[in-house]
Every structure is written in structure tokens, then in C-alpha cells.
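Okay, everyone, thanks for coming. I'll put the structure up and then talk through a few side-chain contacts and one sheet.

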Amino acid sequence: MSKMTPATLLLLSLSVHGISYAAQTAAVTAEHNARQQPQSVKPTAHPETALDQHADEHDDSHAAEHADEHHDSHAAEHAAEHEDEHEHADSHTDEHDHHEHIEKIVVQATRSGRIADEQPIRVELINREEIEEKAAMRPGNISMLVAETGGVRVQTTSPALGSANIRLQGLYGRYTQLLADGLPLYGNQASSIGLLQIPPTDLKRVEIIKGSASSLYGGSAMGGVINLVSRTPGDTLQGEVLLNATSRDGQDITSYIETPLTARLQGSITAGAHHQASTDVDQDGWIDLAGYERYTARPRLYWQGEQGATLYGTLGVMSEKRQGGTMPGSSVSDGNPFNQSQDSERLDGGVVFNLPVFDNLILNSRGSVMQQQHLHQFGVVLEEDQHESYLLESSLAGYTANSDWVIGAAYQAEQFTSQTFQQFDYHYRVPGLFSQFDYAFNALMSTSLSARLENHSEFGQQFSPRVSLLYRPGDLTVRASYGRGYFAPTPFVEEIDAAGLSRLETIDNLQAETAQTASLDVTYSHENIESSITLFAANIDDAIGLAPIATGNDGVFNGVRLVNNTGASKIRGSELLLRYYWQDIKLTASYLYLDATELAADTLQQREIALTPEHSAGFVAMWEQHGRFRAGFEAYYTGVQRLNDNPFTDYSTPYWHLGLMGEITVGQFSWFVNLENLLDVKQTDQHPMILPNRAASGQWTTDIWSRNDGFIVNAGVRVKFNG
């Protein structure tokens, strides 16, 4: 694998800058036409990409209905939504007003036109300031960005390649739908390393819905939704370049540029190049940090018509070569080397169009396509495959003084084609109808009802409802939600993602996984204090598991098959959050309790779900003066976890992760340094990573329940510029 030189990185950045600068035209015209009709409230060429732009088109009169009990003027909030997070224009807000700022954000992920504080569905937000902070820690991908949110766990699925997925409140990562501006541009998480291939450079905020969201987005969202919202271009050429290097021989360069193209057309582009050397941290002959070389680019266009019509389009390309397994000259216990690699090529595109109809109706149409090709190596086995996903959707949205509604139709398709193991090919086609109705009973109480009916080509008709309630007396906010959803099984559970298809028995007679989720959330905010407690529960029926099989007469388990687990997997838990703002300092403490059990196939007794800690907690202290400096300390605790098929131990040991970061800004330059894993925690300090015998699935390593990278330092510079 070739290593990028500093000159190559610099040339890449300069070329992207030059292309964008050449595209710049005259400045955008001043303010949009005066908003005479409700649907013309939207002041920006950004269609708020994807989650039904009637969210931004609620007019002054609609917002004013709630003004007495909420903010002084929701009309002003909606009209200013284009500016609410315009961090690239340096419109910063004092840190101790952070929670006030969050409440004014119009959330896209719920398909309704309410600001975050008024959503019956609880939506957790990560704003631009936090994104910049985490980008300085890990600029190559969004894993750290989402992992440090309460109730969210990034679980490594492949110890050899480092791939990971996102677990929300203890639910398996395959149940989490990852969206980009409301579009499924990254495909299925379990069958790719998508989470590790998304740089955070061009993100404006992240929206997280926990619990079943199948009523909103179909079967892929049975456990929740993470929506990545892109930055909105301003009226002038602006951008930034970030350079980063790590003590483990890793380098990153990411760039973002936005510019007006015509009076009604704006564009942006983000591009990145990332390198990591294959590293054996503990010198046991197995690569602990997979080596990779990755290149990404994503241009976006935003257009707004005179009568309020909006159009958003995006195109993404990604190429990566990733290498893991044994180091050169090393071998596993059978005396042979085991090289594991994955070459990935992804191309995706999406478009969202909004058209005001009459005085209070909005027609929304959107579509996306993703194609990803993989070449896997698992020892001597080569697997070549292609993943495809498609979305076509059209909806009509409207509102009255006390209600919002959406009704629409969608067609989704997901296809997998293997050149090596064609018996696992599948082509799912899923037409469906969906609707949502939000109603405010009075200034204190409102509800959101949503439902989706789909006809899955493999698993038949599926009905997914969700109901959410909001009650807001004074500084107290109470939310309750209940939802049902389903997930269409594929071969790519976590173990198969790590070991490949070569040892998987042909799939037969699987049932769709289904779940019921419920939550009760109480939040108290007063002046500089914010606290919340969330109680949640989930029952999962027909969860897919992996059962070992013996294909020979010797009784040795050398293969696996997918089965529906008998009985229900049950998850019960609670989240606690406390946040305090004092001048320029923000203190955040969180705690997560999980009681997650499943029915063991061998004993028919309930047991803890593996790799799910019962107790975890976090504390973050951040001192920040905007435009000058930031300094932070973080501490995260992970408790005991039950381990699957680990010959060295049945339960993990608890551990702490400590980190320090600092950043100082001088003019256009922000210099940062970040120290991760100060205690140098490594799983191999507790037991070997390599198994004495190959697992039935084909894996040569235990699961990762801790860290395997040890203490690591990264440092770099972020350069912002204006045209």
C-alpha cells in the first residue's frame, strides 16, 4: 500500500480549492422575495435536503400559535433556520447558551415541521461545534462523533479490518438506519465499512432517533435513525482544509468548499484522503490497526426557485483499500499466514425536490441510488460482490394551525450479488405507503402518530406504527413513545461480516425480525442546567443468530447457519444525563444502564446479550472561548460484558478510556492536539487476540470488547478561508 506524501496531500487540497474557486460567479442576490404565502417562509436555497421540507415552510401564523408558551416568535425561528447553525460564517453562540441554541433548530429526521424542543419524538442533536471538536480528534470518520452520545455504542464487528456499526440502546447495529440528508446513500451498514468511510468535515449537525423508526423509514430503521445533515452554503466563497497526523503512522487531509454559482444556485464539495499504516501494537503478529488508503469526494448543489420550489442534488464517490490479518512472516496456530483485506468502490447519488402547492401544501419527491463493489480476502478465499440500494419516494405535506400531516408512497430496493457464492444472492423489492399526523391539543401537549404499510417481496406485508406524546409544563419536558418495526434478514450479521460467506450454510426458512420499543423521557432545563432521565424497553422476536454446525463426521464445528432465535430478546434500560454551563465551561455527565437478555439455544435460559455492558458512564469537561481556544477532558467507563465463544474468559473486565484535547486559533489557523486512551488500555493485556483454533464461522480472533490501539496522539491544523 502506497503512502501519501505531504506534497501529494497539499496538491490534492490546492486542486480542490482551485476548481471550486474557478466556479465562483457573481454574488448571490439579496433577500428572497417577500414571503406572502405560508409556503414561502423558507429563506434559503438549501431544501433542507431531505426530511420533508415543509419542516421549514411552516409560516409565521403557524408558529405564532405556540408562541405564548414557547419562544417569543417561532416565525422568526423558522425564518432564521438558514442561519441557526451557520458556523462556517462564524456566527457563534456563547457556550452557556448552547441549549437555547439547540431548541431553535428545525429537525429534519421526524418529517414534521417543529423545532427540536417541540418534537413529540425525542431527537438528540450533535451540533456543528461538537462536530468540529470531534473532527479534531478523528477527522477520518464519524465513529467517535456518534460514539460519545448517551445510549449509543459503536461496536467493532471485524477485529481484522476494524469495521464497526452503531448500536442504539443495546439493539444490534444492523437495526440502525444511517442517512445522509434523509437519503440512504451508504447502504446497509453490516455489509460494508460505511461508518468508517464518512468524514465529518461537511456536516452541519447529526440527528439521532432511538427506538423503532420503521414507521418513518421502513425496515432498516427498526432500532432507530441517524441522519447526517450537511452544511448549507452561504453567499460567498468559504471553506476549510484540515491536516492531521497520528503517532500510529496515520495521516488525513479533508477539505470543504462552498460557493454561490448563480443567483439561485449554490454548491459545495468535500474531499478527503486518508492513510493508516498496518500496525501491530502488541507485537503478537496480528495487525491491531488495519492499514488503509481511502479517497472520498462529495459535491452538492442547492437551487431555489422564485415561488419557493427547491432542488437538492448530491453525488458521492469513495475508493478504499484496507488490509488486516497477520503481519508479514507471521502465522496463526495452523502454521499458515492469514491475510484479510477488503477493496471497496462506492458510487452514490441522491436528489430531493420540493414544490409548494396552493397555500399550505408541499409536494416532496426524492430518490437515491447506491452501488458498492467489494473484493474480500479471507486467507486463501477471495469473495467478490456488489451491493445496490435504491429509493424512490413522493409525499404530500400540509398543516393547519394545530396540526401537521404527511402522506406518501415509497419504493425501496436492496440487492446483493456475489460472484463467488451465488447461493446468497438476494433482491428485495419493497413498495409501501406511509403517513404521519402531528397534533397540538394545546400549548402544553401534542402528539405524533405515524404508520407505514409495506409489501416486502420476501417477507410479505409489514405494518409499522409509532405513537409519541409530548407534555411541557414550564421547564419540564415529558415525552413518551411506542413503536413497532421489522428487519428483513440478510446473510450479513456481525460474525459473517467479519469472517465472510465461505462457512455459511445456504439460508432457508428465515422469518423477518420484529421489535416493539417504548420509552419515557423526562427533561428539566433551567438557566444553565439541563438534566434528563430516559426509561426504555424493547422486545425483539425472531432475532437472527448464528448456530455452529459440523459438516463432517468428526463432530468438529466447521460451519455456521443462520437461525431465528426462539423466545424474545428483551432489553430494559435507563439513561441519565446532566449538563451544566458555567461561563465558558460546559460539564456533561452521563450514565447508561442496560439489562439485555436473549434465550440461549442450548439451555433455553435467558442470558445476557454478548458485548452489551450493563453499566457504562461518561464525563466530559470542555472549556471554550469561540475563535480563541478550546480545551477538553473526557472519561468513559465501560462495565463488564458477557463474551461469546471466547476460550480465555466468559466475561470482560471493566475499563476506563481517558482523553485530553486542546485547540488554539490564531486568525485563520486552528492548531490542535489530541491524546487518546491515556491509560494505554489494550484488550491483549487481558488475553490473546488470536484464537488457538479457528472458530466455526471462520474467524481467527476473539470479538473485540475493549480497545486494541493503545495510547495514541494526533495533531494537526484546520485552516479556514474566505473568498
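Let me start with a quick one: is Asp680 buried, partly exposed or exposed? Asp680 comes out as partly exposed, because its relative accessible area is 30%. Before going on, keep in mind that this is a predicted model.

Asp680 has a partner, and that's Lys682: the two form a salt bridge, with the closest N and O atoms 3.2 Å apart. The lysine end is buried, at a relative accessible area of 13%. So that pair has a buried Lys682 and a partly exposed Asp680.

Staying with charges for a bit. Searching the whole structure gives 33 salt bridges, and I'd like to show you what happens around Glu598. Glu598 is buried, with 7% relative accessible area. Its side chain meets that of Arg607 in a salt bridge, 3.2 Å from N to O. Arg607 counts as partly exposed, since its relative accessibility is 30%. Glu598 also forms a salt bridge with Arg642, where the closest N and O atoms are 3.6 Å apart. That second pair links distant parts of the chain: Glu598 sits in strand β25 (residues 585–599), while Arg642 is in the loop between β28 (629–638) and β29 (655–666), 44 residues apart. Arg642 is buried too, at 9%.

Then there's a network, if you want something to colour in your viewer. Salt bridges link Arg128, Glu132, Arg231, Glu240, Glu624, Arg630, Glu663, Arg718 and Lys720.

Right, aromatics. The search of the whole structure turns up 13 aromatic pairs. Take Tyr172 and Tyr175: their ring centres are 6.0 Å apart and the planes sit at 70°, so we call the pair edge-to-face; the cut-off for that label is over 60 degrees. How buried are they? Tyr175 is buried, with a relative accessible area of 0%, and Tyr172 is buried at 15%. Tyr172 has another neighbour as well: Arg174 lies over the face of its ring, 4.7 Å from the ring centre.

Now for Tyr428 and Phe459. This pair is also edge-to-face, because the planes are at 70°, with the centres 6.0 Å apart. Here the rings link distant parts of the chain, 31 residues apart: Tyr428 is in strand β16 (residues 426–440), and Phe459 is in the loop between β17 (445–456) and β18 (460–471). Both Tyr428 and Phe459 are buried. They also belong to a cluster, in which ring pairs link Phe416, Tyr426, Tyr428, Phe459 and Phe492. And while we're on rings, Arg111 lies over the face of Phe434, at 4.5 Å from the ring centre.

Last stop, a sheet. Which order do its strands take? This is an open sheet of 4 strands running β1-β5-β6-β4, and the pairing is mixed. On the edges you have β1 (124–126) and β4 (176–180), each pairing on one side only. From one strand to the next, the twist averages 15°.

Zooming in, β4 pairs with β6 (residues 224–230) in the parallel sense, over 5 bridges. If you want one bridge to click on, Gln177 has Val225 in β6 as its partner. And there's a helix to go with the sheet: α5 (residues 128–137) lies across β1 and β5 (203–210), running at about 100° to β5.

That's my tour, so over to you for questions.

Methods:
Residues numbered from 1 in each chain as written. Predicted model: local features only at pLDDT ≥ 70, side-chain atom pairs only at ≥ 80, totals over all residues. Heavy atoms only, no water. Phe/Tyr/Trp six-rings, centres within 6.5 Å; stacked < 30°, edge-to-face > 60°. Buried < 20%, exposed > 50% of the residue type's maximum accessible area, 1.4 Å probe, protein only. Helix = DSSP H or I, 4+ residues; strand = E, 2+ residues; numbered from the N terminus. Lys NZ or Arg CZ within 6 Å of the ring centre and 35° of its normal. Salt bridge = Lys/Arg side-chain N within 4 Å of Asp/Glu carboxyl O. Pairing = 2+ DSSP bridges. Axes fitted to C-alpha atoms, helices over the stretch in contact; angles between N-to-C directions. Contact = heavy atoms within 4.5 Å.
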